Amino acid sequence: MNVEQVFREEHGRLLATLVKRFGDLDLAEEVTSEAIEAALRHWPVDGVPDRPGAWLLTTARRKAVDRLRRDRVYAARLALLQVEFSRADAPAGESLPDERLELFFTCAHPALAEEDRGALVLRCLAGFTTPEVARAYLVPVPTMQQRIVRAKKKIKQARIPFRVPDPHELPERLPGVLQALYSIFTEGYAAQRDDLADEAVRLARILRNLLPDREVTGLLALMLLVHARRDARPALLEDQDRSLWDRDMIAEGSALAERALTGGYGPYGVQAAINALHDEAPDFAGTDWPQIVALYDVLAGLTPSPVVALNRAAAVAMRDGAAAGLALLDALADEPKLRDYHPYRAARADLLHRLGRDAEAAQAYREAIALAGTDTEQDFLRRRLAAVEGRS
Amino acid sequence: MKYMLLIHAAADQQSSCTVEDWTTYEKEMRDAGVLVSGHSLADLVTATTVQVGPDGRRTVTDGPFAETREVLGGYNVIDVPDLDAALEWAAKCPGSRDGGAVVVRPIAEFDF
């Protein structure tokens, strides 16, 4: 492991342990950075210690105690904390505590704005700097800075606790954590940032180790089964060179998807199963479309949404023909959520093209291009438009 | 840590909660030792607004009247360890049902 990997891995763990001890996210963040800076100074000279995590924790704790001593507001708490330190000092060789699950639930607390939860997870658990988080969510650095400061202020002042919810609270609380991780993954996927998608996968693995829940497994499976196709993008699924797909990742994702759907099912597991069917198909036409339509029916029952209906319509188009799919899409035309959703226009365009209605298809592609968010998406749609207009 | 639960009733919807629901809720809070204070407010048509201008003159007006869908109907101040505990009590409040809503606000604490 190189120094940078050690820091990525240890940052979240260190921060979680320190938040637990001090009950103060700002203080924990400051001394975590200071400990890492100290490591950057000492390790190149003295060598990486045998237990880098323990070294960082000891250093950070010392810095926190120094800081508390200087700060009169915190002084009263110090005596109490020091008792806890001596008790918490793990004997050499014993593994350090892992309190990251608490941190996941704090960062993705429902009392925080949904858009801020993924940002906090990246910041606290992945060890991203604020500019890195800003880049991940494609917003200016000052905007992200403000969002993170506001969210941390709420955690502190409204006293959002640092705790794992009781089992009976999990059905209400876990979806927020899963959604935060999935938002990181989809941001990375949309921007074709493999490093960000990799980070989301890494976080999902950590979460699953700490909480081996069915839907956590489903989420990890879904990420792997989508991420396995990364090298074949940005082509549409039907045009992708399937030899570029990552077979090992597909095997792992499929095995996890199966586990996520044994003895019950949730929305992430079902989406994973849909992607497993795509990934295991010999080619686009040879995909098990009836099974995919059936899974979309299950998904629509669990989480009804216009986007699920859109994807189901595209699968029906493959099972029953483009005309059947187009009829379903046109029935969704008045959905407010789809009106400005470029994949809806693009899906219509594709089906119109398949039915030979190229003038209408071109118009639908133009609408999609006008709505697309990123340059990559626009370029891709322009190529589809050019193909329909016979210009390529 | 103290939180105020601001209980908003839906102006356009009849609440299905009975007087017993409210007394049970209040008793539960008392028994748990979390209730600091709480009151229901009289009907909104009885409200009066006072404002003092830069010249020190005061303006007294009738109202306000329900311009939004939700009307503040009462409050409780509770003392609990953290926001999760406050949200539990808010969810138990009869005022959180039937289109009503309970807004949870931490009471500001100042270090002097």
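Helices (H or I, at least four residues) and strands (E, at least two) are DSSP runs, numbered from the N terminus. This is a predicted model: local features need pLDDT of at least 70, side-chain atom pairs count only at pLDDT 80 or more, and totals for chains, interfaces and linings use all residues. Residues are numbered from 1 along each chain as its sequence is written, while chains are lettered from A and ligands numbered from 1 in the order in which they are written.

**Exercise 1. Describe chain A as a whole.**

Step 1. Take the secondary structure. Chain A has 20 helices and zero strands.

Step 2. Take the extent. Along the principal axes, the C-alpha atoms of chain A fill a box of roughly 75 × 45 × 40 Å.

Step 3. Take burial. A residue is buried if 20 or more other C-beta atoms lie within 10 Å of its own, exposed if 12 or fewer, and partly exposed in between; C-beta atoms are placed from the backbone. Of the 392 residues in chain A, 39% are buried.

Step 4. Take contacts. Two residues are in contact if their C-beta atoms, placed from the backbone, lie within 7 Å. In chain A, 58% of the contacts with a separation of 6 or more involve residues 24 or more positions apart.

**Exercise 2. Describe chain B in the same terms.**

Step 1. Chain B has two helices and six strands. Their order from the N terminus is β-α-β-β-β-β-α-β.

Step 2. The C-alpha trace of chain B spans about 50 × 45 × 20 Å along its principal axes.

Step 3. Buried residues are 18% of the 112 in chain B.

Step 4. Among chain B contacts between residues at least 6 apart in sequence, 77% join residues at least 24 apart.

**Exercise 3. Work out how α6(A) packs against α8(A).**

Step 1. Find the helices. Helix α6 covers residues 114-124 of chain A, and helix α8 covers residues 141-157.

Step 2. Find the angle. Axes are lines fitted to C-alpha atoms, for helices over the stretch in contact, and angles run from 0 to 180 degrees between N-to-C directions. The two axes come within 10 Å and cross at roughly 90°. Therefore α6(A) is roughly perpendicular to α8(A). Angles under 35 degrees count as roughly parallel, over 145 as roughly antiparallel, 65 to 115 as roughly perpendicular and the rest as oblique.

Step 3. List the residues. From α6(A) come D116(A), A119(A), L120(A) and R123(A); they meet M144(A), R147(A), I148(A) and A151(A) of α8(A).

Step 4. Sort them. Ala, Val, Leu, Ile, Met, Phe, Trp, Tyr, Cys and Pro count as nonpolar, Asp, Glu, Lys and Arg as charged, and the others, Gly among them, as polar. The contact of α6(A) with α8(A) has five nonpolar, no polar and three charged residues.

**Exercise 4. Check the span and burial of α10(A) and α11(A).**

Step 1. The expected span of a helix is 1.5 Å times one less than its number of residues. Helix α10(A), residues 194-210, has 17 residues and reaches 24 Å, close to the expected 24 Å. Helix α11(A) has 14 residues and reaches 20 Å, close to the expected 20 Å.

Step 2. Buried residues of α10(A) include L196(A), A200(A), L203(A) and L207(A). Their cover includes α5 (100-107), α6, α7, α9 (170-190) and α11 (214-227) of chain A.

Step 3. In α11(A), 13 of 14 residues are buried, leaving the helix mostly covered.

**Exercise 5. Place three residues with backbone features, and one exposed proline.**

Step 1. R159(A) lies in the loop between α8 and α9 of chain A. Its phi is positive, about 50°, although R159(A) is not a glycine. Why is R159(A) classed as buried? Because R159(A) has 20 other C-beta atoms within 10 Å.

Step 2. D98(B) sits between α2 (83-92) and β6 (101-106) of chain B, in a loop. Phi of D98(B) is near 55°, again positive in a residue other than glycine. D98(B) has 13 C-beta neighbours inside 10 Å, so D98(B) counts as partly exposed.

Step 3. The peptide bond from G63(B) to P64(B) is cis, with omega near 10°. P64(B) belongs to the loop between β4 (58-62) and β5 (70-79) of chain B.

Step 4. P131(A) is in helix α7 (residues 130-136) of chain A. With 12 C-beta neighbours inside 10 Å, P131(A) counts as exposed.
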